[in-house]
Amino acid sequence: MLYSKLRDDIAAQSLNSGQEKPWTPRFTRRGASNAANRDTPDSVRNQIMRHDPQFTTFHHAYLNEIAHFDLQNAFLEEEKQSQLFRLVAHISLTRDPRATADMVPKDVWANLPPDPDIAELEEQRAQLKQGNYRINGHPDEKQIRKLTEDIRKKNAQREKRAVKEYHRIFQLKIKAVDLMVTLCNKRETVKRDRIRQRTNSCLPINTEPLETEHKTLYSPARFPLLMHAAQCSNCISNKRLYQEERTFTYCRPTVMNDHFDDIHLVRREQAERSGEKIRCEHPKCRDVKLKHINHFRRHVQEVHGVTLWTSEQVQQRRQRNAKRRHMAKGNCQN
């Protein structure tokens with residue numbers, strides 16, 4: 001291969017890959033020499049590059065023009081980038097002096113009420129010491145030391161209980177935040193207004209058996225397989241909705257089919273076109289894998305008792321809606 005062809009091919013490929021300047025075969029030799037220059041002494045580098053040590057060939061022709069030094073932070077007298085990386089790579093509790101073992105704020109310790117048992121022991125010790133600091137040779141030295149040890153143990157137990165209680169309260173706060181996030185993720189829907197109207201017009205009579213009261217709110221046992229013909233088989237699995245919205249019953253199956261076609265059918269059609277498996281979203285049918293949409297329609301009808309529109313009916317409805325939109329658009333232009 002001619003050197004000119006190698007040079008031109010490398011230049012073309014480097015420009016096609018997005019490089020600003022065309023590469024040359026010398027680039028690889030320069031990169032190897034600079035890599036060796038950072039990790040080896042000059043004698044080894046010259047041996048690798050076959051340079052005569054008497055001449056400064058490397059510094060004249062091969063030294064990288066880009067300096068590996070954080071000049072900006074050096075001028076600003078701040079930590080260099082390499083030093084920051086080294087600091088992050090060795091993070092520990094000793095790196096942050098504010099970090100403690102219990103992480104209980106100081107105001108919590110300051111507002112902690114005194115322990116009456118500890119106060120009583122301290123009072124007994126003060127009476128025995130009679131204002132003396134040194135107790136060596138004191139007549140009650142043995143009893144004073146025993147009281148001091150008891151006070152130390154009581155204080156340790158008190159601090160341990162305080163830390164444990166603070167951690168418990170902290171975990172409750174975290175749980176409250178998680179519940180608030182879950183509540184905020186609940187989706188507002190149009191069905192909620194209809195549910196409220198229906199609830200206000202009906203007496204709050206509990207028709208469920210008593211044995212179901214202990215079941216959790218979103219357990220699959222609360223959603224039977226056999227559904228009402230006007231219930232949506234997809235909304236029943238949406239945990240972002242309230243239970244009343246998940247089990248909402250439309251006024252007619254036709255209205256439910258309109259809702260299903262407008263909200264849920266498009267996503268299932270996209271999954272079918274991409275070759276993905278279609279599954280039933282009912283809490284008790286999560287493991288059921290279906291091949292296509294018609295298979296899903298048959299499953300919903302046979303297992304859940306909900307009849308969905310066929311593909312022909314869906315297509316006719318979409319054509320009618322498109323025709324109505326076209327007519328409405330024409331009337332607006334006129």
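Met1, Tyr3 and Leu6 make a nonpolar surface patch of about 370 Å². The model is predicted. Besides this patch, the points below cover the aromatic pairs, of which the structure holds three, a nonpolar core with 23 residues, and the surroundings of Cys280, a buried residue.

**Surface patch**
- Leu6, one of the residues that make the patch, lies in helix H1, which spans residues 3-16.
- Leu6 has a relative accessibility of 33% and therefore counts as partly exposed, since the partly exposed class runs between 20% and 50%.

**Aromatic pairs**
- The structure holds three aromatic pairs, among them Tyr166 with Phe170, a stacked pair with 6.4 Å centre to centre and 20° between the planes.
- Tyr166 and Phe170 both belong to helix H9 (residues 141-184), and because they are four residues apart there, about one helical turn separates them.
- Phe170 counts as partly exposed because its relative accessibility is 42%.
- Phe248 and Tyr250 form an edge-to-face pair, because their planes stand at 90° and an angle over 60 degrees is classed that way; their ring centres are 5.0 Å apart.
- Phe248 is buried, and so is Tyr250.

**Nonpolar core and the charge over Phe296**
- The largest nonpolar core has 23 residues, and those touching the most other members are Met256, Phe260, Phe296, Val306 and Leu308.
- At least two residues of this core come from helix H12 (253-263), and at least two from helix H14 (293-304).
- Helix H14 gives the most to the core, with three residues.
- Phe296, one of the core residues that touch the most other members, also has Arg268 over the face of its ring, at 4.1 Å from the ring centre.

**Cys280**
- Cys280 is found in a loop, with strand E1 (278-279) on one side and strand E2 (289-290) on the other.
- The relative accessible area of Cys280 is 0%, so this residue counts as buried, the limit for that class being under 20%.
- Cys280 and His299 are 19 residues apart along the chain, and 8.2 Å separates their C-alpha atoms.

Methods:
Residues are numbered from 1 along each chain as its sequence is written. This is a predicted model: local features need pLDDT of at least 70, side-chain atom pairs count only at pLDDT 80 or more; totals for chains, interfaces and linings use all residues. Side-chain values use heavy atoms; hydrogens and water are left out. Rings of Phe, Tyr and Trp (its six-membered ring) pair if their centres lie within 6.5 Å; planes under 30 degrees apart count as stacked, over 60 as edge-to-face and the rest as tilted. Buried means under 20% relative accessible area, exposed over 50%, partly exposed in between (1.4 Å probe, protein chains only). A charge sits over a ring if NZ of Lys or CZ of Arg is within 6 Å of the ring centre and within 35 degrees of the ring normal. Patches are made of residues with over 30% relative accessible area and no salt bridge: like charges are joined within 9 Å, nonpolar side chains (Val, Leu, Ile, Met, Phe, Trp, Tyr) within 5 Å. Accessible areas come from the Shrake-Rupley method with a 1.4 Å probe; for residues, only the protein chains shown count as cover. A salt bridge is a side-chain nitrogen of Lys or Arg within 4 Å of a carboxyl oxygen of Asp or Glu. A nonpolar core is a set of buried Ala, Val, Leu, Ile, Met, Phe, Trp, Tyr and Cys residues joined through side-chain atoms within 4.5 Å.
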